[in-house]
Amino acid sequence: MVTKPTVLVPPSFSNSSCNHPRYQNTTFWTIVSAGDVIQSFVVLMLTFGILFANVLFISVINSRRYSKYIHSQPRYLLTSLACNDLAMGLCVTPFAILSSLRNCWPYAEIVCQVQALLRGAISQQSAVILICMAMDRYYCMLHPQEYHKQSSRKAWFIIIISITWVGSMALFSVLVIKHGGFYFNATGMHACEPFYPKASLRILAACGFYFPTTMILMYCYGSAFDVNKLGFKKPSIGCSSTVSSAEVQQTSSIEKLIDQERKLSLVCSRTMAAMSLGFIVLVTPWTIQEVVAACTGSRAPPALDFIATWMALSNNFWYPFIYWTLNNHFRRICREIFSGFLCRRIHDKKKQQFEHFCNNSPSSNYLGHTPDCDLEGLSEKYWGEILERTVSSNSLPGPPQTQQGPKLDCNGAIEMSVINNSLSDL
């Protein structure tokens, strides 16, 4: 006898809403515990970390200073990954800050539905971009000459990313938009997630997100680093006299190109491999929990569910941090940007102090002192009038003296005492 699979029913959204009477009759402090405060603080810090790390990552990796250390393909892929993580930090994780405190959903139902859609689509799209990164590194390490020839072609990267993004959105739209396709997870996510009516669909979603991505990442990076360990096969130059000097020069240029490509791609490949390893480490506990919960029909303890879920979501923060840790050029440019920003702030502060000193200093002994303390000096016409009155080679008697620059005040104006002395000598 064949039994039909059990169809699960999502919890009613009205029971999870903060507008329910059971939440209206209680005060805020009676329903908030120390554990809720800790969980909300963790979500808050992770949200700020995701936003700051990915904004900095996008700014540096697309700057002119860093463009010579990375090819266009990995730059586009890393930027797409950072944009996905930034969207997660803007549209998904911030809504869990308040709901983790109140243990209910304080926003409208449509917000919950949109968040569940983005939660699934963004995560799946990030996994697809990691796969594209691994395949890009595989092709770069195994076929550097062909990769270098096609390095300027970016259209097909944009097409692939667009197709995968539309596919992810369409897939989760089918699951979420229908009635009962989302629910409020009050233990792990503390936000809205897609709801799977069958346990088999939940297992398929978790395994489809984790296992294909993991296997492709391990194969591509393992093969690429194995080839790098053995070394590239360089074209050999024969000793026959029939080999012309032009062919020798062309072969030598190809060898230099291969060596340069190898050094440039090795650093990028190592950082991308470390980012992929971070994905495997952080997502594995959540995948195991999802499969076990779906197979047994039970729920994990709330604390364990919270740790596993937010550990998987924390990879949106760890990707830029891993790249910053393992890439010396990226780290150096970040320091240059920060030092330039701090120096500009210090310069502006000193300029303000200087203007304040000039505005508050006595001006009776100075010519040209203006109330706004003109730091750029007087105008060209004004300087010409002063020099015509004070310095004239035709009217100054006596032997020439050592010329020294006139004493200037903090405004760039000539002191009145110098002009008076010059006029007395005439």
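In which helix does Asn84 lie? Asn84 belongs to helix α6, which covers residues 72-91; helices are DSSP runs of H or I of at least four residues and strands are runs of E of at least two, numbered from the N terminus.

The model shown is predicted, so that local features need pLDDT of at least 70 and side-chain atom pairs count only at pLDDT 80 or more, while totals for chains, interfaces and linings use all residues. Residues are numbered from 1 along each chain as its sequence is written, and side-chain values use heavy atoms, with hydrogens and water left out.

**Figure 1. The protein chain as a whole.** The secondary structure consists of 17 helices and 2 strands. Of the 426 residues, 40% are buried (under 20% relative accessible area; exposed means over 50%, partly exposed in between, with a 1.4 Å probe and protein chains only). Among contacts (heavy atoms within 4.5 Å) with a separation of 6 or more, 78% join residues 24 or more positions apart. The accessible surface is about 24600 Å², and carbon and sulfur atoms account for 63% of it; areas come from the Shrake-Rupley method with a 1.4 Å probe, and for residues only the protein chains shown count as cover.

**Figure 2. Surroundings of Asn84 in helix α6.** With a relative accessible area of 9%, Asn84 is buried. Leaving aside residues up to four places away in sequence, Asn84 touches Ile122, Gln125, Ser126, Ile129 and Trp165.

**Figure 3. Salt bridge between Glu193 and Arg119.** The structure holds 6 salt bridges, each a side-chain nitrogen of Lys or Arg within 4 Å of a carboxyl oxygen of Asp or Glu. In this pair, the closest N and O atoms are 4.0 Å apart. Glu193 is in strand β2 (residues 191-194) and Arg119 in helix α8 (residues 109-142), so the bridge ties together parts 74 residues apart in sequence. Both Glu193 and Arg119 are buried.

**Figure 4. Salt bridge between Arg202 and Glu290.** Here the closest N and O atoms are 2.9 Å apart. The pair links distant parts of the chain, with Arg202 in helix α11 (residues 199-230) and Glu290 in helix α12 (residues 245-296), 88 residues apart. Arg202 counts as partly exposed because its relative accessibility is 25%, whereas Glu290, at 11%, counts as buried.

**Figure 5. Salt bridge between Arg299 and Asp305.** The closest N and O atoms of this pair are 3.8 Å apart. Arg299 is exposed, with a relative accessible area of 54%, but Asp305 is buried, with 6%. Elsewhere, Arg65, Arg332 and Glu336 are joined into one network by salt bridges that share partners.

**Figure 6. Helix α14, residues 315-326.** At 1.5 Å a residue, the 12 residues of this helix should span 16 Å, and the end C-alpha atoms are indeed 16 Å apart; the expected span is 1.5 Å times one less than the number of residues. Buried residues of α14 are Asn315, Asn316, Tyr319, Pro320, Ile322 and Tyr323. They lie on the same side of α14, because they cover an arc of only 155° around the axis (the arc of the directions from the helix axis to the C-beta atoms). An α-helix has 3.6 residues a turn, so residues three or four places apart point the same way.

**Figure 7. A nonpolar surface patch.** Trp318, Phe321 and Trp324 form this patch, with about 280 Å² of accessible area together. Patches are made of residues with over 30% relative accessible area and no salt bridge, like charges being joined within 9 Å and nonpolar side chains (Val, Leu, Ile, Met, Phe, Trp, Tyr) within 5 Å. Trp324 is found in helix α14 and, at 33% relative accessibility, counts as partly exposed.
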